[in-house]
Amino acid sequence: PAHPDMLAVPDPASVIQLPWKPEVAWVAANCVMEGQDVAQAPRNVLRRLIAEAADAGLHVKTGIEAEFFLLTPDGAQISDEYDTADKPCYDQQAVMRRYDVVREICDYMLEMGWGPYQNDHEDANGQFEMNWEFDDVLKTADKHSFFKFMTKSVAEKHGFRATFMPKPVEGLTGNGCHAHISVWDAPGEHSRTNVFAGEKGDSPTAELGLSEQGKHFLGGIMKHASALAAITNPTVNSYKRINAPRTMSGATWAPNTVTWAGNNRT
């Protein structure tokens, strides 16, 4: 109570008209206190880093793979009593039983011009993943925040509860959010060159078409991976998932070693 008010100052560039309630708009905001940006606020941190990268001629783009569970309204169990396969990934019957929810969310993304391109039943019973085209990093971050709000709203409309909690159901694969990161020579539609892409060569990274700059980026991720867990796994539930036991499907899809490979799926 002794501190001044923290204000959320809307960023008009982020405004989204709710497809299911067109008279309502959603807008991302920047946290401000006593006329100054709150330094620790995640969106302010990202904006600051975008500016630093731009000063170096770098423009970061990201794509994410958002995963979620559809639960009963009280959140006690998965909503589909028939979704019981030991290895349910890509189960077409389970997709069809929740098709109306997935379709409505995807139709809204199409309407907003996000370019959704893939939806599936994921590795756990009751779990789904939806993907859309990558974009400049701040736009993707705002879209991700809105996507979670939209998914929860649509799920409630259909009588379910959606959760993005990292490990909501014991014994089942948790919710992840894979991030695809690239750096370009210019922002938005002006991008022409992916600076992480290079000519194929003989070294382990060059044979995958990764540039020297891309290799150093990968090295930085590995060097700081343990510390990055404070950001990528900020809750107890999320952190415990890193070394969780294998699930019924046979995998956890959560990293427990600092390593890399051209196609490291585990």
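This report walks through salt bridges, strand pairings, a surface patch and a few single residues in a predicted model.

**Salt bridges**

Let us start with the charged pairs. Side chains of opposite charge can pair when their charged atoms come close. In this model the count of salt bridges comes to seven. Three of the seven salt bridges are set out here.

| Pair | Closest N to O distance |
|---|---|
| Arg43 and Asp11 | 3.0 Å |
| Asp142 and Arg43 | 2.7 Å |
| Arg97 and Asp80 | 2.7 Å |

Take Arg43 and Asp11, whose side chains meet in a salt bridge. This pair links distant parts of the chain, with Arg43 in helix H1 (residues 42-55) and Asp11 in the loop between strand E1 (6-10) and strand E2 (16-17), 32 residues apart. Are Arg43 and Asp11 buried or exposed? Both residues are buried.

Arg43 also meets Asp142 in a salt bridge, at 2.7 Å from N to O. Asp142 belongs to helix H4 (residues 137-157) and Arg43 to helix H1, so this salt bridge ties together parts that lie 99 residues apart in sequence. Asp142 has a relative accessibility of 11% and therefore counts as buried. Arg43, at 12%, is buried as well.

The pair of Arg97 and Asp80 has its closest N and O atoms 2.7 Å apart. Here too distant parts of the chain are linked: Arg97 sits in helix H2 (residues 92-97), Asp80 sits in the loop between strand E6 (59-71) and H2, and the two are 17 residues apart. Arg97 is partly exposed, with a relative accessible area of 33%, whereas Asp80 is buried at 6%. Which residues are joined into one network by salt bridges that share partners? They are Asp11, Arg43 and Asp142.

**Thr72 and Gln93**

The loop between E6 and H2 also holds Thr72. Thr72 counts as buried because its relative accessibility is 16%, and the cut-off for buried is under 20%. A polar atom of the Thr72 side chain lies 3.5 Å from the backbone nitrogen of Ala76. Leaving aside residues up to four places away in sequence, Thr72 touches Gln77, Ile78, Ser79 and Arg161.

Helix H2 is the place of Gln93, a residue that counts as partly exposed at 47% relative accessibility. From C-alpha to C-alpha, Gln93 and Ala261 are 34 Å apart in space, and 168 residues separate them in sequence.

**The hairpin of E7 and E8**

Now to a pair of strands. Strand E7 (residues 116-121) runs antiparallel to E8, and five bridges join them. Together E7 and E8 form a hairpin with five residues between them, and in the turn Gly126 has a positive phi of about 80°. Across the pairing, Asn119 stands opposite Met130 in E8.

Glu129 is placed in strand E8 (residues 127-132). With 4% relative accessibility, Glu129 counts as buried. What does the side chain of Glu129 make a polar contact with? The partner is the side chain of Asn131, at 3.2 Å. Beyond residues up to four places away in sequence, Glu129 touches Glu65, Ala66, Glu67, Gln118, Asn119, Asp120 and Glu122.

**The sheet E1-E4-E5**

Elsewhere, three strands in the order E1-E4-E5 make an open sheet with antiparallel pairing. E1 and strand E5 (36-37) stand at its edges with a single partner strand each, so one side of each has no neighbour in the sheet. Between strand E4 (residues 29-33) and E5 the antiparallel pairing extends over two bridges. In this pairing Met33 stands opposite Gln36 in E5.

**A nonpolar surface patch**

Finally, the surface. Which residues make the nonpolar patch of about 420 Å²? It is made by Ile181, Phe217, Ile221, Leu228 and Ile231. Helix H5 (212-223) and helix H6 (225-232) are the elements that give two or more residues to this patch. Ile221 has its place in helix H5 and is partly exposed, with a relative accessible area of 35%.

Methods: Residues are numbered from 1 along each chain as its sequence is written. This is a predicted model: local features need pLDDT of at least 70, side-chain atom pairs count only at pLDDT 80 or more; totals for chains, interfaces and linings use all residues. Side-chain values use heavy atoms; hydrogens and water are left out. Helices (H or I, at least four residues) and strands (E, at least two) are DSSP runs, numbered from the N terminus. Buried means under 20% relative accessible area, exposed over 50%, partly exposed in between (1.4 Å probe, protein chains only). A polar contact is a pair of N or O atoms within 3.5 Å; within protein, one must be able to donate a hydrogen and the other to accept it, and residues adjacent in sequence count only if both atoms are side-chain atoms. Contact means heavy atoms within 4.5 Å. Patches are made of residues with over 30% relative accessible area and no salt bridge: like charges are joined within 9 Å, nonpolar side chains (Val, Leu, Ile, Met, Phe, Trp, Tyr) within 5 Å. Accessible areas come from the Shrake-Rupley method with a 1.4 Å probe; for residues, only the protein chains shown count as cover. A salt bridge is a side-chain nitrogen of Lys or Arg within 4 Å of a carboxyl oxygen of Asp or Glu. Two strands pair if DSSP finds at least two bridges between them.
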